[in-house]
Amino acid sequence: MKRIDAVIRPSQLDEVKQRLTGLGVTGLTAFEVRGFGRQKGHTETYRGSEYTVDFLPKIYLSIIVTEDLVDPVVEAILEGARTGVIGDGKIFITSLDEVIRIRTGERGAGAI
Amino acid sequence: MRYGFGESSKAWILKAVVALLLFGAGGGTVRGVLAQDAKPDPAGTATGDKGTVVDATGNSFVVPEPTDKTAPDFTANKKAFEDYQAQAAKEPLALKVADDVGHLRIATNFSWTLLTGYLVLFMQAGFALLTCGLIRKKNAGHLMMLNFAAYVFAFLAYYAVGYAFQFGAVAINAAPSNIGGALTLNHFLVGSGQWGFLGGKGFFMTGPAYDASSNCLALFEVVFMETAGYIIVGAICERITFGAFLLCELFIGALLYPIFGCWVWGGGWMSQLGSTMHWGHGYVDFAGSSVVHGVGGFCAMALSVILGPRLGKYGPDGKPRAFPAHNIVFVVSGTFILLFGWMGFNPGSTLGATDLRIAVVAINTNLAAVAGSAAAMLLWYFMFGKPDITMACNGMLAGLVAITAPCAFVSPTSSVVIGVVAGVIVCLGVLFNERKLKIDDPCGAISVHGYCGFFGAVAVGIFADGTYGAGWNGVGAASYLGKAGQGVTGLIHGDVSQFWTQLGGATLMVVYAFGLTFGVFSVVNKVRSMRVSKEVELTGLDVPEFGMLAYPEDAVEMLATGSQAHQGRA
């Protein structure tokens, strides 16, 4: 089992979600987060004074999948989230030891 | 130490309130006996009869008996009087009808004055939304409470003494004849005749002020005073303690606003300069560019100087930092509510719907508003590459403030010019305050109301075209500048003296409002700091001052970002 985390643009959430549900991903958790990467925010003026917006709003997705779904999921996120402009985000993949469904107590891949 | 309501001050406040109320109740009966001449008419049944019937140009239906036998037109007047008497004897029914017409005329004007007063009242909601939207989320509740309490406490101060100081002698030189004249208010406390400095009748709105005509005036005027009271919120918010703020409101409602208001609108000395010194039509401010907005704006400036800038507003390099508005939707809807309310503020200031100039006033007011906003948007676009939504709103208010004094005396085209100039003034004023003077004014109140209020008062002396206001402040009822029916006239239409009167009067307003406020509150601030503690300012004033947040769902985020507050993000 793998856990796939992705930081994406809020505007791309729908695209990504549609592609993932099409693949048969059964669950998906999204967080509204703020952060910066290499781009380091940008400056704006408010009533004549400059200010830096260094934490930009992003969506942080967390998806748990079995090994065979890792590549199609990554592909789906890349397709859905990519605009080609700086700030498209990143994908992180980590191994997962255990999944437990709270209602039934099931463990392992069946609990995903 | 901040202003809090400790145990000892609680008892003190209670005693003061009881004493004031007793004085008010007793004062009513005493003054009721003392009022010798005109009788108050609380029922409203004696206000408006054939004596108040006038034609469109102000000629009275009832012809008075001429008394001055040396007057050149005595014979003609005497004949007119005799003709009227003969006609009246023949047609008693016509006199009865005239009584009804007179009552209806006053009733029409009451309706207009009261309804436009309610519109002005609604401006308070606009101010609350506008200023709340412009500040940071963490102080939103505190700011709304300032706006709310301002209405409550300034109203009571105005009821107790403010109204009497401002209009206690209005019947002497400036009786509001459209609404029955408020004839019982006829005594100056300081000064007399055409050199009045302070009104002296109508304390606690009882005795001579317990009168339908007077109360109609009082309703309309109290909401104007409230406007001045609200203006200061925009400049002193996010750092003033609630207690100190209430003191400011009592000061404005009882003293600062009524005194200057008496000089200009209560028949006081500034309004009479046309008669006494032959300076134009005296100092003219139709609906309050200077009396309301200028006084409020420069009072706000003095308070803002005393309080100092918000923590973190200026970096170590002295450069101003942006504290962005937390809700632009509030800012824009608040501005629209203010525009709507201004349709009461300016056209209502005729105190009568029988004065058909109200249509011109309404158009002029709107034109200046849109011209001011357009100018601010364009100027900002050229200066910074994008129009700023908050400055576009400030531009509209700037146009409104500037047209408030001249709205009845100028043409629609002049109104557009006045609006454009105000839109430029407000933008440059905001930058000047923030960058050069280093006065922290979160909502631009000083620039919008102070600077544009000053300009508006001067604009009367420049653009007034003489089509309206014949006999204004008792000047030139028969003819002015050699022309019959010539009204208030400005520089470009041939009356230089009006320009100098306006410039001098507006300058006096600045010195008066800034000086008196600065003097009084410098002392107050020395006795007890008017500012919240550093910790309170950083976490936000909502919980420390009132125990609740404007947006409780943000409680966790608030605590987490409290440490970043000085960077203006929370």
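In the predicted model, chain A follows the pattern β-α-β-β-β-β-α-β when read along the sequence, so that its secondary structure comes to two helices and six strands. The radius of gyration of chain A is 17 Å, which is well over the 13 Å that the globule rule gives for 112 residues, and the chain is therefore more spread out than a compact globule. Along its principal axes, the C-alpha trace of chain A spans about 60 × 25 × 20 Å. Of the 112 residues of this chain, 14% count as buried. Among the contacts in chain A with a separation of 6 or more, 70% are accounted for by residues that lie 24 or more positions apart.

Within chain A, strand β1, which comprises residues 2–8, is joined to β6(A) by six bridges, and the two strands run antiparallel. One residue pair in this arrangement can be named, since I4(A) has I93(A) in β6(A) as its bridge partner. Strand β6 of chain A, covering residues 90–95, is itself hardly covered, the count of buried residues among its six residues being zero.

Between the two chains, twelve residues of chain B are in contact with seven residues of chain A. On the side of chain B that touches chain A, at least two residues are supplied by each of α13 (389–404) and α14 (412–437). Of the elements of chain B, α14(B) gives the most to this side, with three residues. In composition, the residues of the side of chain B that touches chain A divide into seven nonpolar, two polar and three charged.

A further site in chain B was examined at A459(B), which is found in helix α15, spanning residues 445–463 of that chain. A459(B) has 32 C-beta neighbours inside 10 Å and therefore counts as buried, the cut-off for this class being 20 or more. When residues up to four places away in sequence are not counted, A459(B) touches A402(B), A405(B), P406(B) and I418(B). Of these partners, A402(B) has a number that falls within the range 389–404 given for α13 of chain B, and I418(B) one within the range 412–437 given for α14. By contrast, the C-alpha atoms of A459(B) and N327(B), which are 132 residues apart along the chain, are separated by 34 Å.

Key:
Residues are numbered from 1 along each chain as its sequence is written. Chains are lettered from A and ligands numbered from 1 in the order in which they are written. This is a predicted model: local features need pLDDT of at least 70, side-chain atom pairs count only at pLDDT 80 or more; totals for chains, interfaces and linings use all residues. A residue is buried if 20 or more other C-beta atoms lie within 10 Å of its own, exposed if 12 or fewer, and partly exposed in between; C-beta atoms are placed from the backbone. Helices (H or I, at least four residues) and strands (E, at least two) are DSSP runs, numbered from the N terminus. Two strands pair if DSSP finds at least two bridges between them. Ala, Val, Leu, Ile, Met, Phe, Trp, Tyr, Cys and Pro count as nonpolar, Asp, Glu, Lys and Arg as charged, and the others, Gly among them, as polar. The radius of gyration is taken over C-alpha atoms; the globule rule is 2.2 Å times the number of residues to the power 0.38.
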